[in-house]
Every structure is written in C-alpha cells, then in structure tokens.
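User: I have a structure on screen and want to know what the terms used for its empty spaces and its ligand rest on. Please set each value against its definition.

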Amino acid sequence: MTQKRVLSGIQPTSDSFHLGNYLGALKQWVELQDGNDAFYCIVDLHALTGEIEPALFRKRTLASAAQLIALGISPERSTLFVQSHVAEHNQLGWIMECLAGFGEASRMTQFKDKSAKGGADSARVGLFTYPMLQAADILLYQAHYVPVGEDQRQHIELTRDLATRFNTRFGQTFRLPEGHILKAGAKIYDLQDPTSKMSKSSGSVAGVLEIMDTPEANTKKIKSAATDAGREVKFDEKEKPGISNLLTIHSALSGRSISELENEFEGKGYGDFKGAVAEVVVEYLRPIRERALELLEDENHLIELLHTGADKARVVASQTLSHTYKNLGLVK
Ligand code: TYM
C-alpha cells in the first residue's frame, strides 16, 4: 500500500494552543501520522500578518514545537518543521499570488473578518495574500489530505482552484488536496460565548481552554462557562449551545458517545456535569502540559529536531518547486 501524503500547519501566535486547535486539527494530526507520510509545519511566516514582539515570537515558536511533540507528534514518524526554514514556501507563494485573482482573494472570509476588526485600511497586504502562501504550503508537498478545522475549508477550496488552474495552463504539476475535516470537533466554541468559535484572537481569555494553562485555571473556566436555559444535559446546538459545546469536548476527550453522556447526567444539574467535564479536560491535558514544559527546558534539542525536520521537508519542497519553475518556462 502506498502511503498518503498529509500536510497541515498551525500559527505560533500565542503561548499555548487551545482546545479548539487540538480537537479540530491537532488530534487528527497525531492519528494521521501513522500509516501516512505526514508533514506538519509551524507557520511562523503566516503569523507575521499580525502584531508580533520578536522575543515573544521566538519563544512561542519553540513553545509550539514543544506542545506538538508533547501531544503526540513524533519527529521520527512525521516531518515536523518551521515554515521559515524552508524557503520554497515563499518562492511558491509568489507563484500562487501571480495565479490568484484579486476578486477571489477578496472573498476569503478569514481576510474579511480580520480586516473588518482593525479597519480595512490598516489591514496588512500580507493578510490579503495569506491564503496564497497557505496554498503553497500544501501544494509543495503534493498533499492528499489536509487535517484542519472547519474555518479553513475555504482556504483549501482556493488551494484546489489554484492547483487546477495551474495544471490546466502549464501541465500537470500539483496534486489536488482534500480537506480532512471532522464532523464532531471541527468547530469548538468559546465557553463564555458559545456562538463564536474558540479563538486565540478572541477578546476574552475566560472562554478559551489552553493546553498550557494550569489545571486550576482550566477548572475555573469550565465551572464558570456560560450555561443555557433549562437544566437538562441534552445536545441541542440551537437551544443549548453552551451545554452542547461541553458535551462535544467531553465526548472527544473521553471517547464516550454524546448519548451515553446524556443518559449518565439525566436528572442531574449543570453543576455536576461541568464538574465532570473539568475533570476529563484537566486529566487529559495534565501530562501534555508537563511534557511540554520538560521539552522547553532544552531549547537546543528542540531546535535540532526542527532543523532535521526542515532538511527532510526541503527535499520534497525543492522537487515540486523545480518542476513548477520548469513548467512555467523559467530558465534554469
Ligand atoms: P490556526 O493556527 O488559526 O489554527 C490551527 C488549526 O486549528 C483549527 N482551529 C479550530 N478547530 C476547531 N474549533 C476551533 N475553535 C478552532 N480554532 C482553530 C484550525 O482550523 C486549524 O486547522 N491558516 C491556518 C494555518 C495554516 C495551514 C497551512 C493549515 C497555514 N498554512 C496549510 C493547513 C495547511 C490557520 O490560521 O490555522
């Protein structure tokens, strides 16, 4: 059986990944590294589209690597690397920018949302061209599957459109990737505002469960999560978005079905249920946090692992780039 290529990326934009990142994407990253040829990338260049502070940025990139390894990404069984270490990402990114239309780039919802927040005039050009760099990340590795959360669906569609356009005009060059998006967990919501997604850039930290938070902090956040009307623990995204979100989280981490959980908490109140969710989350995250802190004690070792990953990634990326240049008629 030939192995399938998998590629995904995550931005190092905060001290900790949150549970939405984990349940929407990273849990699948771990599962897909077995039996596939997986490439996982810390997309530091994408993070430059927002505000950064250099010392903190460096720290967050390393903390991202530590967390990925702690939650099960193996640097031996997969290729784990930092985007800026493989220059081919920028090089193919430019080609993708020259292929994409201004109109289609303007329709990307992530750009529209983020630029609306700060005002369109202050939005960076990099935020606009961000999806074309993401397309390059994916196409360089000829990925079959891209494990991501629901919010990335549109970027993957764009990537497929760009690949098709290139292949049609310049000859077969890129594989058309497919998003690998789960049904449950693809969108985890903010605990305080269960109608918006859990997000690093959300205003309140109280609604975001962070992998690197202390057990006490996460317990407090879950116990003070916004609750819905009524007192029944039932999955109903419309009427009970808060409880449904907590049920999704519990089920994804405990491996128990939603209906099993509904039965267990029948006749009990929200308080008991939240206590149980807190216990599941805290016990799940405890060893991950401890391992990440341990890994961060030896920065040089982490950097070495990332360099080894970049060396492996470059072999594949440079092949795709030279094929692309050749098909475009660039003189070698
Ligand atoms: P980023 O860094 O914002 O998020 C990383 C991954 O976490 C998922 N995610 C969620 N899933 C469920 N519920 C949530 N509340 C939630 N919040 C975030 C995201 O869908 C994502 O899979 N553009 C990408 C990074 C990127 C990339 C790539 C991804 C750059 N190049 C190539 C795949 C392939 C992003 O901003 O993810």
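User: What makes the largest cavity a cavity, and what volume does it have?

Analyst: The largest cavity has a volume of about 50 Å³. On a 1 Å grid over the protein atoms alone, a cavity is a set of points where a 1.4 Å probe fits but cannot get out. The volume is the space filled by probe spheres set on the points, which are joined across faces, edges and corners. This is a predicted model, in which local features need pLDDT of at least 70 and side-chain atom pairs count only at pLDDT 80 or more, while totals for chains, interfaces and linings use all residues. Residues are numbered from 1 along each chain as its sequence is written, and side-chain values use heavy atoms, with hydrogens and water left out.

User: How do you know which residues line the largest cavity?

Analyst: Lining residues have an atom within 4 Å of a point. For the largest cavity they are Glu210, Ile211, Asp213, Pro215, Asn218, Val281, Val282, Leu285, Arg286 and Arg289. Helix 12 (270-295) gives at least two residues to this lining, as does helix 9 (215-223); helix 12 gives the most, with five residues. Helices here are DSSP runs (H or I, at least four residues) and strands are runs of E (at least two), numbered from the N terminus.

User: How many cavities of 30 Å³ or more does the structure hold, and what lines the second largest cavity?

Analyst: There are two cavities of 30 Å³ or more. The second largest cavity has a volume of about 40 Å³, and its lining consists of Met108, Gln110, Phe111, Leu127, Tyr130, Pro131 and His155. Helix 7 (125-140) supplies the largest share, three residues.

User: Why is Tyr130 counted as nonpolar in that lining?

Analyst: Tyr is on the nonpolar list, because Ala, Val, Leu, Ile, Met, Phe, Trp, Tyr, Cys and Pro count as nonpolar, Asp, Glu, Lys and Arg as charged, and the others, Gly among them, as polar. By these classes the second largest cavity has five nonpolar, two polar and no charged lining residues. The lining of the largest cavity has five nonpolar, one polar and four charged.

User: What makes the second largest pocket a pocket, and why is it placed between two domains?

Analyst: A pocket is an open set of points with protein on both sides within 12 Å along at least five of seven lines. The second largest pocket holds about 390 Å³ of space. Its lining has 22 residues, and the closest to its centre are Lys183, Ala184, Gly185, Lys187 and Thr248. Domain 1 (4-186 + 299-328) and domain 2 (215-292) both give residues to the lining, so the pocket lies between them. The domain bounds come from an automatic or database domain assignment. Helix 10 gives the most to this lining, with six residues.

User: How do you know that Tyr130 and Asp151 make polar contacts with the ligand?

Analyst: A polar contact is a pair of N or O atoms within 3.5 Å. An N or O atom in the side chain of Tyr130 is 2.7 Å from an oxygen atom of the ligand, and for Asp151 the distance to a ligand oxygen is 2.4 Å. Both pairs therefore meet the cut-off. A polar side-chain atom of Gln152 lies 3.0 Å from a nitrogen atom of the ligand.

User: How much of the ligand does the protein bury?

Analyst: Taken alone the ligand exposes 720 Å², and the protein buries 96% of that, with areas from the Shrake-Rupley method and a 1.4 Å probe.

Note on methods
A polar contact is a pair of N or O atoms within 3.5 Å; within protein, one must be able to donate a hydrogen and the other to accept it, and residues adjacent in sequence count only if both atoms are side-chain atoms.
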